[in-house]
Amino acid sequence: MTAATASITIAAGKPSAGQQITLISGDAVSKTYTAVAGSATLASNQFSIDNTNNDVATSLELAIEHASGHNGKILVSRADNVLTLTQKTPGSSGNTTITSNLANTTVVSFSGAHAPSP
């Protein structure tokens, strides 16, 4: 089986405070992450939009990886301002839709997972 992947790209201009992105892991756990001005509060699934778009991507990565976030159910790798997300659990249940109203952000929902051929 293969695991579903997705991507989030934070472009110049960054999201605005109060905007949100919702991710659903392969085991149907839904978490909403909220952009905030100032310091991130990871325990509340908040990420900081202060500083550069690379810093915003780093803050969102930390929120997703935090114990209050998806905590390992969604694996995150970051290259500058681009997050690549991979469902920890392989299989088509990981092909979930990402809901987002983040400005200046390009989101590609989870896809590509499938069960092995019989």
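How many bridges pair S1 with strand S8 (residues 105–111), and in which sense, parallel or antiparallel? Five bridges do so, in the antiparallel sense. The views below set this pairing in its surroundings, in a model that is predicted.

**View 1. The protein chain as a whole contains one helix and eight strands.**
Read from the N terminus on, its elements follow the order β-β-β-β-α-β-β-β-β. The radius of gyration is 14 Å, close to the 13 Å that the globule rule gives for 118 residues, so the protein chain is as compact as a globular protein of that length. Along the principal axes, the C-alpha atoms fill a box of roughly 50 × 25 × 20 Å. Buried residues make up 36% of the 118 in the protein chain. If we take the contacts with a separation of 6 or more, 55% of them come from residues 24 or more positions apart.

**View 2. Strand S1 (residues 5–10) pairs with S6 and also with S8.**
S1 and S6 run antiparallel and are joined by five bridges. Isoleucine 8 is a handy residue to centre on here: its bridge partner in S6 is leucine 83, while its bridge partner in S8 is valine 107. Isoleucine 8 belongs to the covered face of S1, together with Ala6 and Ile10. The uncovered face of S1 carries Thr5, Ser7 and Thr9. Of these, threonine 5 has threonine 86 as its bridge partner in S6.

**View 3. Strand S6 (residues 82–87) shows a covered and an uncovered face.**
Leu83, Leu85 and Gln87 form the covered face, whereas Val82, Thr84 and Thr86 form the uncovered one. Strand S5 (residues 74–79) runs antiparallel to S6, and six bridges join the two. Follow threonine 86 and you will find leucine 75 standing opposite, as well as threonine 5 of S1 as a bridge partner. Two residues lie between the strands in the hairpin of S5 and S6, where aspartate 80 takes a positive phi near 55°.

**View 4. An open sheet of four strands is arranged in the order S4-S3-S2-S7.**
The pairing in this sheet is mixed. Strand S4 (46–48) and strand S7 (99–100) stand at the edges with a single partner strand each, so one side of each has no neighbour in the sheet. Further in, S2 and S3 run antiparallel and are joined by five bridges. Look for isoleucine 21, which stands opposite tyrosine 33 in S3. Helix H1 lies across S2, S3 and S4, and runs at about 160° to S4.

**View 5. The largest nonpolar core holds 23 residues.**
Leu23, Phe47 and Leu85 touch the most other members of this core. At least two residues come from each of S1, strand S2 (20–24), S3, helix H1 (53–65), S5 and S6. H1 gives the most, with five residues. For a closer look, try phenylalanine 47: its contacts beyond four places in sequence include Tyr33, Ala35 and Val36, along with Val56, Leu60 and Ala63. Leu102 is also among the residues that phenylalanine 47 touches. Leu85 has already appeared in View 3, on the covered face of S6.

**View 6. Threonine 34 is a buried residue within strand S3 (residues 30–36).**
Why does threonine 34 count as buried? Its relative accessibility is 18%, and the cut-off for buried is under 20%. Its side chain makes a polar contact of 3.0 Å with the side chain of glutamine 20. Beyond four places in sequence, threonine 34 touches Gly18, Gln19 and Gln20, as well as Asn45, Gln46 and Phe47.

**View 7. Threonine 96 sits in the loop between S6 and S7.**
Is this loop residue buried or exposed? Threonine 96 counts as buried, because its relative accessibility is 11%. Leaving aside neighbours within four places in sequence, threonine 96 is in contact with Ile24, Ser25, Gln87, Ser109 and Phe110. One of these contacts, Gln87, is on the covered face of S6.

Note on methods. Residues are numbered from 1 along each chain as its sequence is written. This is a predicted model: local features need pLDDT of at least 70, side-chain atom pairs count only at pLDDT 80 or more; totals for chains, interfaces and linings use all residues. Side-chain values use heavy atoms; hydrogens and water are left out. Buried means under 20% relative accessible area, exposed over 50%, partly exposed in between (1.4 Å probe, protein chains only). Two strands pair if DSSP finds at least two bridges between them. A polar contact is a pair of N or O atoms within 3.5 Å; within protein, one must be able to donate a hydrogen and the other to accept it, and residues adjacent in sequence count only if both atoms are side-chain atoms. Contact means heavy atoms within 4.5 Å. A nonpolar core is a set of buried Ala, Val, Leu, Ile, Met, Phe, Trp, Tyr and Cys residues joined through side-chain atoms within 4.5 Å. Axes are lines fitted to C-alpha atoms, for helices over the stretch in contact, and angles run from 0 to 180 degrees between N-to-C directions. The radius of gyration is taken over C-alpha atoms; the globule rule is 2.2 Å times the number of residues to the power 0.38.
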